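User: I have a model open and want to know what stands behind the labels used for its helix packing and its pocket. Please take me through the reasoning.

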Amino acid sequence: MVTGGAGFIGSHLVDTLISRGYCVHVIDNLSSGKKEYLNPSAIFHNMDITSSEAYDVLLSESPEYVFHLAAQADVSRSTKWPFEDMQTNIAGTLNLLEACRHFPVKSFVFSSTSAVYGNAPTDFIDETCPPSPISFYGLSKFTSESYIKLYGDTFGIPFSILRYGNVYGPRQTSKGEGGVIAVFLETLMKNESLKINGDGLQTRDYVYVQDVVEANILAAAKGNQHIMQIGTGKKTSVLQLINLLQNVHSKKITSFHAQDRQGDIKHSCLDNRFAKRILTWEPQFPIKDGLRKTYWSYTS
Ligand SMILES: NC(=O)c1ccc[n+]([C@@H]2O[C@H](COP(=O)([O-])OP(=O)(O)OC[C@H]3O[C@@H](n4cnc5c(N)ncnc54)[C@H](O)[C@@H]3O)[C@@H](O)[C@H]2O)c1
């Protein structure tokens, strides 16, 4: 079962699972996901993860593995509508966990985020860094993590919690956790100038979507009540991204600087050594390769 299987990351996960011979069910309400991203071989349940229908589908299908990606994943939306964010991200997770109490799920793999850390005291974060969210989105994800851990302890539900860096790749849109790569590519496709917030020296850990998919699948098999960071362990600045894009874009890229976004942290990079060790996982796509693949997906 993949919740959010019509979304950016979820649809890639569904494609890979199906290509490996799994029978895949998807729960998605298409609030940000798209029907055309949904693999036609997946069994689709168009419903909300907070609903009794979703609870019933989980019970009747009793999937061996639950990959929980469905979420309200837009930080600014969470600030405007914290209650809605809480309902989808916390109550939705709880609804799924409640169902999972009643059948022998082999693994519940949760998509979390480095947003749980807020303004971390270091720019190279590892899993021992205490979460301190500064957005309602980060808070709802962290709260969901806590529920998952407690359900694991109390009812023996096996789980893995994956905290992603900045995921990018084909099918991403500039909404949600979207981020700068999707924004830049959409802007380039309109032949417009790229807006750089601040000096462009701010760095993030950009991880390619297929690497995140592989981490999910490995976590289902090998994760054992762990919280793991899924990133590359490498930082890339906004200016470096533009240089890399210039290598693949045929026209001269123009850009301009705007004010720093309020509340944005300057640098963030995830130590991925724990995930590498537990999952025997290794990111396969350096930023220049992933960016090229993403660029071509926008132009083809
Ligand atoms: N994209 C990133 O960089 C990133 C980083 C960290 C964590 N994450 C997490 O990874 C997961 C997937 O993110 P994404 O970027 O693919 O986002 P996305 O918005 O593309 O996918 C989310 C999917 O969930 C579905 N959905 C939302 N609310 C729902 C509900 N109430 N009931 C049923 N379906 C619902 C949407 O329709 C969509 O298909 C999310 O949990 C997100 O928080 C993403």
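User: Why are H6 and H10 called oblique to each other?

Analyst: This is a predicted model, and the call rests on its helix axes. The axes of H6 and H10 cross at roughly 40°. Angles under 35 degrees count as roughly parallel, and 65 to 115 as roughly perpendicular. The value falls between those ranges, so H6 and H10 are oblique to each other. Their axes come within 11 Å. The crossing of H6 past H10 is right-handed.

User: What makes the contact between H6 and H10?

Analyst: Contact means heavy atoms within 4.5 Å. On the H6 side, Ile181, Ala182, Leu185, Glu186, Leu188 and Met189 take part. They meet Ile287, Leu291, Thr294, Tyr295, Tyr298 and Thr299 in H10. By class, that contact has 9 nonpolar, 2 polar and 1 charged residues.

User: Why is H8 called oblique to H10?

Analyst: Helix H8 (residues 238-248) packs on helix H10 (residues 287-299) at an angle of about 55°, with the axes 10 Å apart. Roughly perpendicular starts at 65, and roughly parallel needs under 35. An angle of about 55° fits neither, which makes H8 oblique to H10. H8 also passes H10 in a right-handed crossing.

User: Which residues make the contact of H8 with H10, and how do they divide by class?

Analyst: H8 brings Leu241, Leu244, Leu245 and Val248. H10 brings Ile287, Lys288, Leu291, Arg292, Tyr295 and Trp296. By class there are 8 nonpolar, no polar and 2 charged residues. Lys and Arg count as charged, so Lys288 and Arg292 supply the charged part of this contact.

User: How do you know that H1 and H7 are oblique?

Analyst: Helix H1 (residues 8-19) and helix H7 (residues 209-222) pack at about 60°, with axes 9 Å apart. The roughly perpendicular range is 65 to 115. About 60° lies outside that range and is not under 35, so H1 and H7 are oblique to each other. H1 passes H7 in a right-handed crossing. From H1, the contact uses Phe8, Ile9, His12, Leu13, Thr16 and Leu17. From H7, it uses Val209, Gln210, Val212, Val213, Glu214, Asn216 and Ile217. These residues divide into 8 nonpolar, 4 polar and 1 charged.

User: What makes up the lining of the largest pocket?

Analyst: A lining residue has an atom within 4 Å of a pocket point. The largest pocket has 46 such residues. Nearest its centre lie Val75, Asn166, Arg204, Arg261 and Asp264. Helix H3 (75-80), helix H6 (180-189) and strand E9 (194-197) each give two or more residues to the lining. H6 gives the most, with 4 residues. By class, the lining has 15 nonpolar, 22 polar and 9 charged residues. The pocket volume is about 1,300 Å³.

How values were computed. Residues are numbered from 1 along each chain as its sequence is written. This is a predicted model: local features need pLDDT of at least 70, side-chain atom pairs count only at pLDDT 80 or more; totals for chains, interfaces and linings use all residues. Side-chain values use heavy atoms; hydrogens and water are left out. Axes are lines fitted to C-alpha atoms, for helices over the stretch in contact, and angles run from 0 to 180 degrees between N-to-C directions. Angles under 35 degrees count as roughly parallel, over 145 as roughly antiparallel, 65 to 115 as roughly perpendicular and the rest as oblique. A crossing is left-handed if the near helix is turned anticlockwise from the far one by less than a right angle, and right-handed if clockwise. On a 1 Å grid over the protein atoms alone, a cavity is a set of points where a 1.4 Å probe fits but cannot get out, and a pocket is an open set with protein on both sides within 12 Å along at least five of seven lines; lining residues have an atom within 4 Å of a point. Grid points are joined across faces, edges and corners, and a volume is the space filled by probe spheres set on the points.
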